[in-house]
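Q: Please take a close look at one part of this model and describe, step by step, what is found there and what surrounds it. A formal account that a first-year student can follow would be welcome.

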Amino acid sequence: MKILSIETSCDETAAAIVEDGRKVLANVIASQIDLHAKTGGVVPEVAAREHVLKIVPVLDECLEKGGCGWDDIDALAITRGPGLISSLIIGTEAASVISYVKNKPLIPVQHIVGHIYSNWLYEENGEEKSEPEFPILILTVSGGHNELILMTDHHKFEILGETLDDAAGEAFDKVARILGLGYPGGPAISKLALSGDAMKFKLPKAFLEKGSLNFSFSGLKTSVLNATKRDVEKIDEKYKADMAASFQEAVVEVLSEKLMMAAEKFPKIKEVHLAGGVSANRRLREMIQQKLEIFNKKFGRKINFRHPQSFNYCTDNAAMIAAAGHYLYKLTPKKFKKKTNIVPTTSFEIW
Ligand code: KG4
Ligand code: ZN
């Protein structure tokens, strides 16, 4: 089954074609990063206008890259939210029109669920890894969301913990702004951190009350702000690199530690997954890998670690929406599968 998907929840106009929920035949992303770098963040109205200009060329390019015509596409999948409402409307309008005109089912997918399914994807010419095995413990880390989730089967989720204030990616973006590193902050901080000393600044790590699987990053962000105000005379490239490395280490330490706490709490889990924009962070991947090896030895477990196979599947993309849509469609009762029907999703999802 081939699904063509559209994702326009924020500042990426994206379309993809995915076969049987895993094999990516085409993945096109028109990024608006340059546009939003000028304002240091996304202005919703500007993002929406850009989606209007990009959506048709992106769809054309996607079909061409996937070697498909509309007749080859079995269904459409679309991000239904959460996201910037003015941006979401452009994608959902485009998908609804195509669904109606081409007579194809339309599957609405929740954005975070999409990120979760990025770990099912592999590239057409890439290696097909084994199908993930349930139950799975998932750490979602993005600009807008940050959760620990237990996934017991396809589209069966339980939220174990979430951020009480800023999401991890949001903290990266805000600290990058404080350090004058531009937008988006995550890649800029992780690059600068390579030349910094992560032990230089002692920054707070919020583990919250004992056993809590929730997160909080706003105190850490405020500490960076206060330190830079205090040290304003001393700030040079070395200072920024040390601060970037110390900040990244504090975030990564908390995220990986909470993940291990959850793994200990749920003895049946077979895999640990990382998903969302911050899953592109190499230091985070490295620390989870190291902690998991120690954990597996200590408890005699064989938990497998996955992160998206390509960096293109970490940040917002449409391929993940097609993957999630595929498995959702398989669970959908027959009566809803009629052509051009919008498949209801609420009964399968917790968000
Ligand atoms: O998943 P995503 O594209 O959008 C949301 O759904 O929010 O995530 C974007 C976030 C941004 O905050 C960005 O700074 C962060 O992911 N990010 C990173 C890295 N690459 C992107 N954070 C840390 N390290 C990275 N290498
Ligand atoms: Zn996202």
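A: In this predicted model, the side chain of S310 reaches the backbone nitrogen of N312 at a distance of 3.0 Å. S310 is placed in the loop between β11 and α10. Its relative accessibility is 11%, so S310 counts as buried, the limit for that class being under 20%.

The loop that holds S310 leads on to the metal site. The zinc ion (ligand 2) has H111 (NE2), H115 (NE2) and D316 (OD) as its protein donors, and these lie 2.0 to 2.1 Å from the ion. Along the sequence, the donor residues follow the spacing H-x3-H-x200-D. Distant parts of the chain are thereby linked: H115 belongs to helix α4, while D316 sits in the loop between β11 (304-306) and α10 (319-331), 201 residues apart from H115. Both H115 and D316 are buried.

Two of these donors also appear in the surroundings of ligand 1. D316 is among the residues that come nearest to ligand 1, together with S142, G143, D173 and G186, out of 19 residues around it. H111 has a polar side-chain atom 3.1 Å from an oxygen atom of ligand 1. For S142, a polar side-chain atom lies 2.5 Å from an oxygen atom of the ligand. G169 takes part through its backbone, with an N or O atom 3.1 Å from an oxygen atom of ligand 1. Of the 560 Å² of accessible area that ligand 1 has on its own, the protein covers 89%. Two or more residues of the shell come from each of the elements α4 (111-116), α5 (168-178) and α6 (185-193). With four residues, α6 gives the most. Sorted by class, the shell has 13 polar, four nonpolar and two charged residues.

One of the helices of this shell, α5, also takes part in an aromatic contact. When rings are paired by centres within 6.5 Å, the count comes to eight aromatic pairs. In one of them, F172 and F247 have ring centres 5.1 Å apart and planes at 80°, so the pair is edge-to-face. This contact joins distant parts of the chain, as F172 is in helix α5 and F247 in helix α8 (residues 237-265), 75 residues apart. F172 and F247 are both buried. Elsewhere, one aromatic cluster is formed by Y117, W120, F134 and Y327.

Strand β8 completes the picture. N146 is found in this strand, and it counts as buried because its relative accessibility is 1%. The side chain of N146 has a polar atom 3.0 Å from the backbone nitrogen of A168, and a polar atom of that side chain lies 3.4 Å from the backbone oxygen of T140. A168 thus brings the account back to α5, which spans 168-178. I149 also lies in strand β8, which covers residues 146-153. At 0% relative accessibility, I149 counts as buried. The C-alpha atoms of I149 and I138 are 5.0 Å apart in space, although the two residues are 11 apart in sequence.

Key:
Residues are numbered from 1 along each chain as its sequence is written. Chains are lettered from A and ligands numbered from 1 in the order in which they are written. This is a predicted model: local features need pLDDT of at least 70, side-chain atom pairs count only at pLDDT 80 or more; totals for chains, interfaces and linings use all residues. Side-chain values use heavy atoms; hydrogens and water are left out. A residue is near a molecule or strand if one of its heavy atoms lies within 4 Å of it. A polar contact is a pair of N or O atoms within 3.5 Å; within protein, one must be able to donate a hydrogen and the other to accept it, and residues adjacent in sequence count only if both atoms are side-chain atoms. Accessible areas come from the Shrake-Rupley method with a 1.4 Å probe; for residues, only the protein chains shown count as cover. Ala, Val, Leu, Ile, Met, Phe, Trp, Tyr, Cys and Pro count as nonpolar, Asp, Glu, Lys and Arg as charged, and the others, Gly among them, as polar. Rings of Phe, Tyr and Trp (its six-membered ring) pair if their centres lie within 6.5 Å; planes under 30 degrees apart count as stacked, over 60 as edge-to-face and the rest as tilted. Buried means under 20% relative accessible area, exposed over 50%, partly exposed in between (1.4 Å probe, protein chains only). Donors are N, O and S atoms within 2.8 Å of the metal (3.2 Å for Na, K and Ca); water is not among the atoms, so sites may look incomplete.
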